[in-house]
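Thank you for making time this morning. I would like to walk through one strand and its surroundings, and then say a little about the ligand.

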Amino acid sequence: MLETEIAGLGLKNPTILASGIMGSTGSSLKRIAVEGGAGALVTKSVGIEARGGHENPTVIEVPGGLLNAIGLSNPGVFEFEAEITGAKEGGVPVIASVFGFQVEEFVEVAAKLQEYGADAIELNLSCPNVKKAGTVFGKSPKLSRSVVENVKSRVSVPVIAKLTANTDDIVEVARACVEGGCDAITAINTIPAMKIDIHTRTPVLGNKTGGLSGPSIKPIALKCVYDIKKELDIPVIGCGGIATGEDALEFLMAGASAVEIGTAVRLRGIGVFGRVAGEIEAFMKENGYKSLNDVIGAAL
Ligand SMILES: Cc1cc2nc3c(=O)[nH]c(=O)nc-3n(C[C@H](O)[C@H](O)[C@H](O)COP(=O)(O)O)c2cc1C
């Protein structure tokens, strides 16, 4: 009843672990699948070289969610083979998240992760392009398309473009990614935000500013998915503030084929995937839906 498909990947239920939450090691990824019940896993974003990340604090709680500025800390792709292998023991599709500061970096890292056994690649386009004065890839339809096109020409697994809402027109960026040949789109990443400690008169995050996630961004993410699905014929993964079956159903009805869950894992534990899937199923039974396909896009 809950089976779905995204970019050619078959999922037993539509819940997916979002990138950056418990996605750094093969063992924690496997746990999210086996104990948590997730239908698929996305790894923490991986780049070509090891990076230490920003100063602490890197994650803080704010009303309505989390603020994070991790700084893309990761061991570098050449140290990531065991994590992909370990994650695959979870028995569900493993989507490797890739970041880069230039197009060539995305391409090289994606090719390596495919070699290690990743079932699909998710491109984290919320990174600055060093060759274009730090313009964030995902703000520019042209830069986004270029990343997708180049990665597609190197890998054979499905390529998913993860977009940011922090752009003039997310539908135009999505359209450029579709033209570049992406197999699906994830919407959205965190939204730029900050907190200030009024007693010390300083920003609280080590990096001063960061990205907001959790319930406070859900209505924004939902509109992004709805707008993209109204205009484009491309599978979409909804992401942003999903913590309950009702949240997930809203995204599915807006046209998403699956949903990613991040902040709710940190706040509510790994059981959130099974719980959300169970709540979706209960709603479908109560309301006479036979398959998830009858729910997907119902509000479009
Ligand atoms: C602590 C933390 C780390 C994150 N790291 C990444 C990352 O490495 N790559 C990425 O594409 N998104 C990253 N994200 C963004 C999430 O994958 C997701 O897009 C965002 O948090 C919205 O979903 P949520 O409200 O369910 O958390 C991170 C989010 C959090 C909270």
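Let me begin with the term I will lean on: a residue counts as buried if 20 or more other C-beta atoms lie within 10 Å of its own, with the C-beta atoms placed from the backbone. Please keep in mind throughout that what we are looking at is a predicted model.

With that cut-off in hand, consider strand β11, residues 159-163, in which five of the five residues are buried, so the strand is largely enclosed by the rest of the structure. In a regular strand the side chains alternate between the two faces of the sheet. For β11 both faces are covered, with V159, A161 and L163 buried on one side, and I160 and K162 buried on the other.

Which strands pair with β11, and in what sense? One partner is strand β8, residues 120-124, which pairs with β11 in the parallel sense over four bridges, and within that pairing N124 stands opposite K162. Strand β12, residues 184-187, is also paired with β11 in the parallel sense, again over four bridges, and here I160 stands opposite A184. To get from β11 to β12 the chain passes through helix α5, residues 170-179, and this β-α-β crossover is right-handed.

I160 deserves a closer look. Leaving aside neighbours within four places in sequence, I160 is in contact with residues including A7, I95, A120, I121, L123, A184, I185 and I237. The largest nonpolar core has 100 residues, and I160 is among those that touch the most other members, together with L41, I121, L123, I185, A187 and V225.

From I160 we can step to one of its contacts, I95, which is found in strand β7, residues 94-98. I95 has 32 C-beta neighbours inside 10 Å and therefore counts as buried. Beyond residues up to four places away in sequence, I95 touches A40, L41, V42, A118, D119, A120, E122 and I160. As for A118, it is 23 residues from I95 in sequence, while the C-alpha to C-alpha separation in space is 5.9 Å.

Finally, the ligand. Which of the 26 residues around the ligand come nearest? They are G20, S45, S213, G262 and T263. By class, the shell is made up of ten nonpolar, 14 polar and two charged residues, and β6 (65-68) and α8 (263-268) each supply at least two residues of that shell.

How values were computed
Residues are numbered from 1 along each chain as its sequence is written. This is a predicted model: local features need pLDDT of at least 70, side-chain atom pairs count only at pLDDT 80 or more; totals for chains, interfaces and linings use all residues. A residue is near a molecule or strand if its C-beta atom, placed from the backbone, lies within 6 Å of it. Ala, Val, Leu, Ile, Met, Phe, Trp, Tyr, Cys and Pro count as nonpolar, Asp, Glu, Lys and Arg as charged, and the others, Gly among them, as polar. A residue is buried if 20 or more other C-beta atoms lie within 10 Å of its own, exposed if 12 or fewer, and partly exposed in between; C-beta atoms are placed from the backbone. Two strands pair if DSSP finds at least two bridges between them. A crossover is right-handed if, with the strands pointing away from the viewer, the path from the first strand over the helix to the second runs clockwise. Two residues are in contact if their C-beta atoms, placed from the backbone, lie within 7 Å. A nonpolar core is a set of buried Ala, Val, Leu, Ile, Met, Phe, Trp, Tyr and Cys residues joined through C-beta atoms within 7 Å.
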